[in-house]
Amino acid sequence: LILLHYAWTTQNGRAIIVTPVADQATLIYKQIDEFIESSDLIKDSVDRNVRSPRPQITFKNGSWITFFTSGTKSGGKSDATRGQEAHLIVLDELDYMNSEDVDALYAMLTKTDDNQPDKIMIGASTPTGRQELFWEYCTNPQFGFTEFWFPSYCNPYWEASFEAEMRILNTENVYRHEFEADWGDAS
């Protein structure tokens with residue numbers, strides 16, 4: 001939702017979302033498209049909505065949102081993002097990416113205009129238990145990130161019966177990762 005808000009309210013804003021796999025990028029694109037379709041005000045502000053080869057939504061205010069994959073499975077190391085300009089970078093399922101996947105994105109955080117506000121990078125993920133990049137961002141204050149933690153039971157529709165069922169169907173470690181958003185042990 002932050003991508004849509006940013007693009008809709010920012011003049012000439014450049015927003016990208018990077019996910020480890022195409023299916024995740026498509027899912028997020030479809031969700032944003034549903035938000036747009038549910039609001040005549042926002043729908044009227046869209047200039048162009050391209051679904052392929054790479055989804056991109058362009059707004060009449062000059063802003064856009066583009067959807068990328070990091071190339072985690074192919075070893076692409078976010079090469080498709082090289083040379084892109086981005087003011088807001090959202091990394092979804094960051095704990096499933098390799099640090100090399102994010103390397104190409106750091107250059108985008110460099111200021112490119114005197115009047116430009118600070119660029120923003122947001123990482124979100126279900127923890128895998130790996131103590132790698134996402135874990136470092138969340139636990140090492142040297143990186144300057146702020147961690148927000150939302151376990152599944154924060155969902156207002158969470159039910160005790162569902163929790164009991166999920167505890168039966170999943171190992172303790174999987175439950176800790178997927179539902180408690182806890183680091184647990186590496187999967």
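Is Phe-67 buried or exposed? Phe-67 counts as buried, at 2% relative accessibility. The model discussed here is predicted. Its chain contains seven helices and six strands, and the points below treat the overall fold, the nonpolar cores, the aromatic pairs and the surroundings of Ser-63.

**Overall fold**

- Along the sequence, the helices and strands follow the pattern α-β-α-α-β-β-β-β-α-β-α-α-α.
- The C-alpha trace spans about 50 × 40 × 30 Å along its principal axes.
- The radius of gyration of the chain is 18 Å, which agrees with the value near 16 Å for a compact globule of 187 residues.
- Of the 187 residues, 40% count as buried.
- The chain exposes about 11000 Å², and carbon and sulfur atoms supply 51% of that area.
- Among contacts between residues at least 6 apart in sequence, 64% join residues at least 24 apart.

**Nonpolar cores**

- In soluble globular proteins, nonpolar side chains tend to be buried together.
- In this model the largest nonpolar core has 19 residues, and those with the most contacts inside it are Leu-3, Ile-32, Ile-36, Ile-57, Phe-59, Ile-65 and Phe-67.
- Two or more residues of this core come from each of α1 (2-9), β1 (14-19), α2, β3 (56-59), β4 and β5 (88-92).
- Helix α2 gives the most to this core, with five residues.
- Ile-57, one of the residues with the most contacts inside the core, is in contact with Tyr-29, Ile-32, Ile-36, Val-46, Arg-48, Asn-49, Ser-63, Trp-64, Ile-65 and Phe-67, when its neighbours within four places in sequence are left aside.
- Another core, of 18 residues, lies apart from the largest one, and its members include Leu-91, Val-102, Leu-133 and Phe-134.

**Aromatic pairs**

- A pair of aromatic rings is described by the distance of the centres and the angle of the planes.
- The structure holds eight aromatic pairs.
- In one of them, the ring centres of Tyr-29 and Phe-67 lie 5.3 Å apart and the planes stand at 90 degrees, so this pair is edge-to-face.
- This pair links distant parts of the chain, since Tyr-29 belongs to helix α2 (residues 22-37) and Phe-67 to strand β4 (residues 64-69), 38 residues apart.
- Tyr-29 is buried, with a relative accessible area of 5%, and Phe-67 is likewise buried, at 2%.
- Trp-158 and Phe-179 have ring centres 6.1 Å apart and planes at 45 degrees, so their pair is tilted.
- The pair of Trp-158 and Phe-179 also links distant parts of the chain: Trp-158 is in the loop between α5 (133-139) and α6 (160-169), whereas Phe-179 is in the segment after α7 (172-178), 21 residues apart.
- Phe-179 has a relative accessible area of 13% and is therefore buried, the limit being under 20%.
- Trp-158 and Phe-179 also belong, with Phe-162 and Tyr-175, to a cluster linked by ring pairs.

**Surroundings of Ser-63**

- Ser-63 is located in the loop between β3 and β4.
- This serine, Ser-63, counts as buried, at 0% relative accessibility.
- A polar atom of the Ser-63 side chain lies 3.4 Å from the backbone nitrogen of Asn-12.
- Leaving aside neighbours within four places in sequence, Ser-63 is in contact with Ala-7, Thr-10, Gln-11, Asn-12, Gly-13, Arg-14, Ile-57 and Thr-58.

Terms used:
Residues are numbered from 1 along each chain as its sequence is written. This is a predicted model: local features need pLDDT of at least 70, side-chain atom pairs count only at pLDDT 80 or more; totals for chains, interfaces and linings use all residues. Side-chain values use heavy atoms; hydrogens and water are left out. Rings of Phe, Tyr and Trp (its six-membered ring) pair if their centres lie within 6.5 Å; planes under 30 degrees apart count as stacked, over 60 as edge-to-face and the rest as tilted. Helices (H or I, at least four residues) and strands (E, at least two) are DSSP runs, numbered from the N terminus. Buried means under 20% relative accessible area, exposed over 50%, partly exposed in between (1.4 Å probe, protein chains only). A nonpolar core is a set of buried Ala, Val, Leu, Ile, Met, Phe, Trp, Tyr and Cys residues joined through side-chain atoms within 4.5 Å. Contact means heavy atoms within 4.5 Å. The radius of gyration is taken over C-alpha atoms; the globule rule is 2.2 Å times the number of residues to the power 0.38. Accessible areas come from the Shrake-Rupley method with a 1.4 Å probe; for residues, only the protein chains shown count as cover. A polar contact is a pair of N or O atoms within 3.5 Å; within protein, one must be able to donate a hydrogen and the other to accept it, and residues adjacent in sequence count only if both atoms are side-chain atoms.
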